[in-house]
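Subject: The structure we talked about

Hello,

I am handing over the structure below, and after it I have set out what was found, going from one topic to the next. Please keep the sequence and the 3D view open while you read.

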Amino acid sequence: MNRFDYVRPSTVAEAVQALGSDPAARFIAGGTNLIDLMKYDVERPGKLIDITRLPLDKIEERDGGLRIGALVTNAALAYDARIRERYPLLADAILAGASAQLRNAASTGGNLLQRTRCYYFYDTATPCNKREPGTGCSAIGGVDRIHAILGTSEHCIATHPSDMCVALAALEATVRVSGPQGDRAIPFAEFHRLPGDDPAKDTNLAPGEIIVSVDLPARGFAGHHTYLKLRDRLSYAFALVSVAAALELDGQTIRTARLALGGVAHKPWRNTDAEALLQGRPATRESFKAAADLVLREAKPQSTNGFKIELARRAIVRGLEQAAAGTPQSQSDKRIQ
């Protein structure tokens with residue numbers, strides 16, 4: 001066990017101050033990812049800042065939408081009546097992830113900050129640019145079946161593991177943070193980063209900042225949506241490919257489209273060009289195939305994950321068809337747990 005200090009602030013300002021005083025410190029709430037990283041010796045924080053007593057555990061009405069506190073658990077969020085009624089895409093995405101026990105502990109802010117599940121990132125005996133910058137990427141030329149096909153770089157081909165974040169990307173959420181320089185809002189599309197030449201940085205949070213809430217806009221696409229997750233087993237598995245699709249229709253004509261993918265890139269992958277292509281088109285398989293082709297036109301497979309391209313293409317078409325028909329992918333197995 002590595003030695004570390006432990007503090008429990010009672011205000012956001014105290015939490016920011018505690019983080020600023022120790023660059024090796026880490027915030028901890030549910031700990032569903034951080035504790036694993038510490039056990040595997042991937043993370044070695046010199047201080048744990050327990051933020052579970054901060055007043056960030058409420059879901060509140062805000063400007064026609066909802067403000068979700070960073071400490072709202074995944075379970076509380078998924079089963080909140082307002083989320084189920086107005087943002088069912090988000091509820092379904094959350095229930096597609098992890099297990100009931102983990103969702104009871106995992107926080108909203110922590111879900112946004114969870115690290116990749118790349119095998120090599122967790123294996124400290126292998127080089128990994130995300131874990132140790134400049135050492136190389138063992139996944140390139142290695143076992144790459146679960147890795148990215150979009151937005152990769154020569155330094156990293158890891159994928160982002162979250163289901164919830166894929167739905168938040170499609171819904172155009174906003175992340176609100178607080179730090180030494182004050183408060184600011186980050187559009188969800190700008191919160192996570194592609195690996196580029198610095199894959200160790202997963203997000204665009206500035207040093208010392210903490211997530212305080214996630215804001216959902218008024219538009220929730222409750223009538224026409226789906227979250228489709230394709231994985232090796234039905235539950236407790238990360239996505240090979242997932243699709244969050246949402247539509248607004250005028251008869252059979254698409255008025256507005258949202259489309260985000262998980263399991264294929266270093267961040268939730270949203271293609272606004274494909275959404276624009278669908279606008280004004282009929283809600284048909286031909287339209288959906290055209291959008292899928294546009295999303296995947298720059299996909300670059302590795303040695304063993306080329307199947308993801310066709311899998312993603314079919315998932316996009318199926319997801320958009322489900323959204324158009326108002327028949328979202330069933331998550332009944334998750335609701336029973």
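Is helix α5 (residues 88–95) largely enclosed by the rest of the structure or largely open? Before the answer, please keep in mind that this is a predicted model.

Helices α5 and α9

Eight of the eight residues of helix α5 are buried, so this helix is largely enclosed by the rest of the structure. If you would like to find them in the 3D view, the buried residues of α5 are P88, L89, L90, A91, D92, A93, I94 and L95, where buried means that a residue has under 20% relative accessible area. Helix α9, which covers residues 164–171, can be described in a similar way, because eight of its eight residues are buried and it is therefore largely enclosed by the rest of the structure. The residues concerned in α9 are M164, C165, V166, A167, L168, A169, A170 and L171. Just after α9 comes E172, which takes a positive phi of about 60 degrees.

The second largest pocket

E172 appears again in the lining of the second largest pocket, together with A169, A173, P187, F188, A189, H192, L194, K267, P268, W269 and R270. Two elements give two or more residues to this lining, namely α10 (188–191) and β12 (269–270). The space in the second largest pocket comes to about 250 Å³.

Salt bridges

When the whole structure is searched, 26 salt bridges are found, and I describe a few of them here. Which residues form salt bridges with D215? One partner is R67, with the closest N and O atoms 2.8 Å apart. Since D215 lies in strand β8 (residues 210–216) and R67 in strand β5 (residues 65–69), this pair ties together parts that are 148 residues apart in sequence. Another partner of D215 is R176, and here the closest N and O atoms are 2.5 Å apart. R176 lies in strand β6 (residues 174–179) and D215 in strand β8, so this pair ties together parts that are 39 residues apart in sequence.

It is worth looking at how far these side chains are covered. D215 counts as buried because its relative accessible area is 10%, and R67 is buried as well, with a relative accessible area of 17%. R176, by contrast, is partly exposed, with a relative accessible area of 31%.

A further salt bridge joins E209 and R184, whose closest N and O atoms are 2.8 Å apart. E209 lies in the loop between α10 and β8, and R184 lies in strand β7 (residues 182–187), so the pair ties together parts that are 25 residues apart in sequence. In this pair E209 counts as buried, at 10% relative accessibility, while R184 is partly exposed, with a relative accessible area of 33%. Elsewhere, R26, E43, R115, K130 and D202 are linked in a network of salt bridges.

Strand β5 once more

Strand β5, which holds R67, is also where G69 is found. G69 is buried, because its relative accessibility is 6%. How many residues apart along the chain are G69 and G109? They are 40 residues apart along the chain, and their C-alpha atoms are separated by 8.0 Å.

Cavities

Rolling a probe the size of a water molecule over the atoms shows where empty space is left. In the whole structure, a search finds two cavities of 30 Å³ or more. The largest cavity holds about 80 Å³ of space, and of the 17 residues that line it, the closest to its centre are C118, C128, C137, C156 and A158.

The surface and the record

On the surface, M1, F4 and Y6 make a nonpolar patch of about 390 Å². F4 is found in the segment before β1 (5–7), and this residue is partly exposed, with a relative accessible area of 31%.

Finally, an unreviewed UniProt entry lists residues 1–221 as "domain: FAD-binding PCMH-type", and I pass that on as what the record says. Over residues 1–221 the chain is 29% helix and 18% strand, with the end C-alpha atoms 47 Å apart.

Best wishes

Terms used:
Residues numbered from 1 in each chain as written. Predicted model: local features only at pLDDT ≥ 70, side-chain atom pairs only at ≥ 80, totals over all residues. Heavy atoms only, no water. Patch = residues over 30% accessible without salt bridge, like charges linked within 9 Å, V, L, I, M, F, W, Y side chains within 5 Å. Areas by Shrake-Rupley, 256 points an atom, 1.4 Å probe, with all protein chains shown as cover. Salt bridge = Lys/Arg side-chain N within 4 Å of Asp/Glu carboxyl O. Helix = DSSP H or I, 4+ residues; strand = E, 2+ residues; numbered from the N terminus. Buried < 20%, exposed > 50% of the residue type's maximum accessible area, 1.4 Å probe, protein only. UniProt positions renumbered as here; feature names shortened; annotations may be inferred. 1 Å grid on protein atoms, 1.4 Å probe; cavity = no way out; pocket = protein on both sides within 12 Å on 5 of 7 lines; lining within 4 Å. Points joined across faces, edges and corners; volume = space filled by probe spheres on them.
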